[in-house]
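Colleague: I am new to this structure. Please show it, then take my questions one at a time.

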Amino acid sequence: MADTQAATIETDVVSGNVKADGRIVKGIPLGGPNSTTRTEPEAPHGSGPRGLMATPSSLSTAGRFGRMFRRLPVFSCNPDSMIVLGAAMVQQPEDGFIDKALGVDDDDENVSRLSNDELRLPAGYTYFGQFVDHDITFDPVSSLTRQNDPDSLTDFRTPKFDLDSLYGRGPADQPYMYDEKGVTLALGEELGPDGQRDLKRVQVGDRKRALIGDPRNDENKIVSQLQTIFIQFHNRVFQLVRDREKEFDNDDDRFKRAQQLVRWHYQWVVVHDFLRRIVGDDPFKPEDGVVAQILKPEKFLAADGEHGLTKPHLLYYDWIKRPFMPVEFSVAAYRFGHSAIRPSYHINSTLQNGPFAKPHVIPGTHNKVQANRIPIFTDTKEAKDSLGGFQEIPREWGVDWNFFLHLGGQKPNLPQPSYKIDTSIANPLGLMPKRVADAEHLEAGFSSEVAKSLPVRNLVRGLRLGLPAGEHVARGMGLTPDPGITISADFLKGAEMPNNPELGIREDKIKAAVKDLIGDGKRTPLWYYILHEAQLQIGKDDKRKDVTGAHLGPVGGRIVAEVLIGLLYGDPFSFLNVEPNWTPTLPRRDDSEDGPYTLADLVKFATSA
């Protein structure tokens, strides 16, 4: 869930139109314009594509931003205060290190457990969240230096879980993303150490850039290889359809059926696995919690008795004609993921026991800061310095997903947990490299380097877009604001120059921010409120001890839940509309055919061919 605006330095916009005929096959509506990803070039004179199957994709290639809580007052403060607060949120090195070694207790780790004793948020969910973000949002227009009206902004992503970031405009319009027959997606070179593959790439200047539906899915080596997982997932599902579903007797129809299965399993993981974990529910106890309440089936009678139909019950997220992307979600609540990012990761045993077996000085740091694992990025160009992306992945740098998810193997201290959801942001995100976020003059009296700080960018963008205060949103939802959510003078002092020498925050700016943000009747910006609210949420570790920052709280959790479920419900071709009571049909990691279906099951299936 990296800063979408920042990533535009390295990206372009993928958009386009597709067409389909008006038939209905196997419960899949094939009507209206732009309802399918074409596998064949469009026929002349407007005739439709061949084949029976036309799995619906996006009705359009862009959507709109808007507001969930239009009647609430706008949070206001001096923009300088948001820069100071953002700088104070950056986690500082401890004893010269940005991280702890694998197996060493780390108070920043979210070691909260689910009912089956798995980690609530192993590190893989951080990057799945980023992948989802890239599927539904892209704002290359809003500015950090001027006020913005959300209603005038275009979301250059369809606000649907349709995987346009995977399929692009389809093999007819973007054949270079597909294999020769146009029914399976193309992979790049083998990486190793265990058969992992890179994305297909082409030389651009001095680097090889990925040929994928959304260039942002190459901005780091982890999300890049998650993109590869979904490519492999589609290819494996296509093989399954070809081998087992004989009613689809040509490759065009098989491709459409595979697209439907891939999208629906992905949608299920978003709502019934990922979402349940982040809002405090348990995917292994699906009958309880926020998601279960929103998706409570409606009872109805038929000739053979009583039945239940899954239909969302949304209280705050509503639209008239088509879903929009709420800024309270995209600019505040969903950016909880920035707090969950670790400063560094191990990605496989070969690197863990080889070049990253010992602590090392992070290249490009001025004060010899060290890391025990691979930093998420550095301000250097060498591919082996960090997990930074937008370039070819080195040999032996393939991700072993056992380091990120519970795949069934019993490996000590794995998978790595995500970091807690709280008001602390991992050190490398406090000064991102130029290829991710460029320096920019935001306010007088500040270095242009402050624009490279992710928490600063988030807070300033929220101010420019006129988001309401967290306390006002809580009351607007019928909740009582948590009195434990505050900004303290001691916290703001964390922005001082000795802690953040590159950002250069002056003492007078900190004093002014204390006066501006602290005192009776003061409010807190929505993103900070949601993170602090999450910081107060308690989970249990493997010894049943309390863990703070386990998941989102009442305000943040409900916003995220309603928007993700609402976007799914707003897509007429999602499983929630086509087959509301559908459940995943692909095998789980234990080879069973039923029970909870999680991201780990999807990854295991994709990589087991």
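Modeller: First, a definition: helices (H or I, at least four residues) and strands (E, at least two) are DSSP runs, numbered from the N terminus. This is a predicted model, in which local features need pLDDT of at least 70 and side-chain atom pairs pLDDT 80 or more, while totals for chains, interfaces and linings use all residues. Residues are numbered from 1 along each chain as its sequence is written, and side-chain values use heavy atoms, leaving out hydrogens and water.

Colleague: In the loop between which two helices is Pro-286 found?

Modeller: Two helices flank this loop, one at 251-279 and the other at 290-294. They are α6 and α7.

Colleague: Which residues does Pro-286 touch, not counting those up to four places away in sequence?

Modeller: Pro-286 is partly exposed at 39% relative accessibility; buried means under 20% relative accessible area, exposed over 50%, and partly exposed in between, with a 1.4 Å probe and protein chains only. The C-alpha atoms of Pro-286 and Asp-273 are 9.3 Å apart, with their places 13 residues apart along the chain. By contact (heavy atoms within 4.5 Å), Pro-286 touches Arg-276 and Ala-292.

Colleague: At what angle do the axes of α5 and α18 cross?

Modeller: Two packed helices are described by the angle between their axes and the distance between the axes. Axes are lines fitted to C-alpha atoms, for helices over the stretch in contact, and angles run from 0 to 180 degrees between N-to-C directions. Helix α5 covers residues 221-244 and helix α18 covers 599-607. Their axes come within 8 Å, and the crossing angle is roughly 70°.

Colleague: Is α5 roughly parallel or roughly perpendicular to α18?

Modeller: Angles under 35 degrees count as roughly parallel, over 145 as roughly antiparallel, 65 to 115 as roughly perpendicular and the rest as oblique. The α5 and α18 axes cross at roughly 70°. So α5 and α18 are roughly perpendicular.

Colleague: Is the crossing of α5 and α18 left-handed or right-handed?

Modeller: A crossing is left-handed if the near helix is turned anticlockwise from the far one by less than a right angle, and right-handed if clockwise. For α5 and α18 the crossing is left-handed.

Colleague: How many nonpolar residues are in the contact of α5 with α18?

Modeller: On the α5 side are Ile-229, Phe-230, Gln-232, Phe-233, Arg-236, Val-237 and Leu-240; on the α18 side are Leu-602, Val-603, Phe-605, Ala-606 and Thr-607. Ala, Val, Leu, Ile, Met, Phe, Trp, Tyr, Cys and Pro count as nonpolar, Asp, Glu, Lys and Arg as charged, and the others, Gly among them, as polar. Two residues in this contact are polar and one is charged. The nonpolar count is nine.

Colleague: And how many charged residues does the contact of α3 with α5 have?

Modeller: The axes of α3 and α5 come within 10 Å and cross at roughly 70°. From α3 come Tyr-127, Phe-128, Gln-130 and Phe-131; from α5 come Ile-222, Val-223, Leu-226, Gln-227 and Phe-230. Seven of these residues are nonpolar and two polar, and the number charged is none.

Colleague: With the side chain of which residue does Asp-135 make a polar contact?

Modeller: Asp-135 is in helix α3, residues 124-136, and is buried at 0% relative accessibility. A polar contact is a pair of N or O atoms within 3.5 Å; within protein, one must be able to donate a hydrogen and the other to accept it, and residues adjacent in sequence count only if both atoms are side-chain atoms. At 2.9 Å, the partner is Tyr-266.

Colleague: How many residues of helix α11 are buried?

Modeller: Helix α11 runs over residues 454-464 and is largely enclosed by the rest of the structure. Among its buried residues are Arg-457, Arg-461 and Arg-464. The buried count is 11 of the 11.

Colleague: What is the omega of the cis peptide bond that joins Leu-414 and Pro-415?

Modeller: Pro-415 is in the loop between β13 (374-375) and α11. Another cis bond runs from Gly-192 to Pro-193, with omega near 10°. For Leu-414 and Pro-415, omega is about 0°.

Colleague: Is Asp-95 buried or exposed?

Modeller: Asp-95 lies in the loop between α2 (79-88) and α3. Its phi is positive, about 55°, although Asp-95 is not a glycine. At 73% relative accessibility, Asp-95 is exposed.
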